[in-house]
Amino acid sequence: MDDSKRVILLEFNELCPQLLDRFMQAGELPNFSKLHQSADVYVTDAKCDVEYLEPWIQWVTLHTGLPYEKHQVFRLGQAQNLQHDSIWDVLAKHNKTSWLCGSMNTKWDASDTKITALPDPWSIDVMASPHSLQPFYQFVRANVQEHSNTNFKLSAGDYVRFLWFMLRHGLSLTTSKKLAGMLWKQLTKAEDRWKKATVLDWLQFDVFKHVYQRQKPHFATFFSNSTAHFQHKFWRYMEPEKFPLKPSDTEIKKYGGAVLYAYKNHDALIGEVLKLADKDTVVILSSALSQQPYTLKDEEGGKRFYRPHDMQKIPAVFGLSGVQKVSPVMSHQFHLLCDDAASAKANFERLQAMTFNGGPLFSLRLEGHDVFGGCRISTLVPEQATFEQDGRSQSFHQVFYLADSLKSGMHHPHGVFWVSQQGRSHQKVAEPIPLELTMPKILQEFSLQSQL
């Protein structure tokens with residue numbers, strides 16, 4: 001077995017094969033094009049119903065080589081229940097090291113020194129390995145989970161501690177300039193302050209590079225959600241002709257280039273990764289799934305999300321008891337981790353009884369000690385609207401706020417999977433391959449495909 005082989009797995013969530021082709025042909029993505037020219041190029045197919053077409057399910061499939069029916073992980077934070085080996089577990093058994101930088105919904109053996117791991121910002125009760133990476137995880141988690149809440153503020157001490165961490169973990173001049181520029185845009189309320197999501201990529205890449213250069217792991221992952229976020233929010237401004245609910249000319253001018261901006265940001269990141277990769281390093285680009293225009297609710301005014309002003313006050317606001325912890329996840333959803341199954345059931349039934357316009361206020365699931373859910377109202381709510389709680393009317397907007405803009409992108413089962421290395425000839429596989437075949441292809445680079 002060749003111990004000099006390295007694999008860097010770029011996990012750029014929900015990149016679209018057709019948008020990549022379009023932007024590369026237009027000359028907008030030189031580093032993607034360079035990667036593409038020396039790659040085996042596949043389109044993956046998740047082959048599942050829309051209910052299971054979620055990144056927190058499909059990334060587990062890519063990491064384990066198992067469809068969701070077998071790995072049985074269906075929600076963010078549920079990977080700790082995984083009973084199957086992931087790529088890094090197989091590699092560890094062959095004395096190979098891994099560095100997992102933000103990969104979504106992962107489980108690893110924290111006692112195994114061959115695995116270094118930074119959890120994704122939607123994880124629940126997970127610690128970074130080693131613990132020295134925990135300050136980055138905690139700071140980013142707080143910002144990602146509250147990104148749509150304009151009232152959310154971290155303390156000056158939080159920022160000082162994070163800056164001190166970054167200064168000791170590879171903060172670059174490039175990232176420092178991007179961070180300073182974005183902070184100025186937030187302070188001055190610049191029209192393009194929506195670009196702030198991409199700054200996280202560069203902060204995380206500095207940490208990735210710092211660890212990678214010191215440890216030289218056999219296998220490393222780098223996860224980014226920025227393009228997925230921009231596609232969900234801004235696709236309609238890029239292709240307004242595909243949407244019944246048309247944006248204004250002003251909105252198109254402001255946001256029409258947002259999706260391309262996200263792809264160009266990832267293109268710049270690929271350029272930095274290629275500088276790290278020597279002739280023995282395979283760079284794999286993956287997206288697990290992709291997106292397409294979301295038009296299903298346009299005739300009703302579009303789909304929106306409402307979120308509690310303060311997630312941590314959910315127990316007090318709704319009269320819940322026995323809640324140990326509130327853990328926000330993506331968008332408007334949350335976990336209520338309760339003392340026991342009986343408390344969880346009582347809280348589930350209490351929230352289930354609350355109504356808005358005669359229908360349920362929440363969409364909920366009960367799983368043991370955990371109540372998972374979110375506000376199910378997705379249309380614009382009038383200013384004076386109320387919901388019913390314990391037979392009394394409560395002001396809707398005093399409890400909930402409108403998070404983000406109109407939904408513009410929805411998930412598509414096809415994904416990107418390129419396997420690239422210096423000197424490798426380009427070949428494109430015509431037919432999509434099942435997503436679960438990507439894990440064997442990754443292990444094949446280490447001559448370990450027979451281990452499955």
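**A chat about strands, helices and cores**

Student: Hi! Which residue of β14 is the bridge partner of F334?

Tutor: In β14, F334 is partnered by G373. Keep in mind that this is a predicted model, where local features need pLDDT of at least 70 and side-chain atom pairs count only at pLDDT 80 or more, while totals for chains, interfaces and linings use all residues. Residues are numbered from 1 along each chain as its sequence is written, and side-chain values use heavy atoms, leaving out hydrogens and water.

Student: How many bridges join β10 to β14?

Tutor: There are 5, between β10 (residues 333-338) and β14 (residues 370-375), and the two strands run antiparallel. Strands pair if DSSP finds at least two bridges between them. Names like β10 come from DSSP runs numbered from the N terminus: strands are E with at least two residues, helices H or I with at least four.

Student: What order do the strands of that sheet have?

Tutor: The order is β9-β10-β14-β13, an open sheet of 4 strands with antiparallel pairing. β9 (323-328) and β13 (362-367) are at the edges with a single partner strand each, so one side of each has no neighbour in the sheet. From one strand to the next, the twist averages 20°.

Student: Which helix lies across those strands?

Tutor: Helix α14 (residues 341-352) lies across β9, β10, β13 and β14, at about 165° to β13. Such angles run from 0 to 180 degrees between N-to-C directions, with axes fitted to C-alpha atoms, for helices over the stretch in contact. Contact means heavy atoms within 4.5 Å.

Student: New topic: how do α1 and α12 cross?

Tutor: The axes of α1 (residues 17-25) and α12 (residues 258-276) come within 11 Å and cross at roughly 80°. That makes α1 roughly perpendicular to α12, a label for 65 to 115 degrees, with under 35 roughly parallel, over 145 roughly antiparallel and the rest oblique. L19, L20 and F23 of α1 make the contact with V259, L260 and Y263 of α12.

Student: And what about α7 and α9?

Tutor: The axes of α7 (residues 156-167) and α9 (residues 197-215) come within 10 Å and cross at roughly 45°, which makes α7 oblique to α9. Here F162, F165 and M166 of α7 meet L203, D206 and V207 of α9.

Student: Last one! What does W99 touch?

Tutor: Not counting residues up to four places away in sequence, W99 touches several residues, including L118, V207, F208 and F219.
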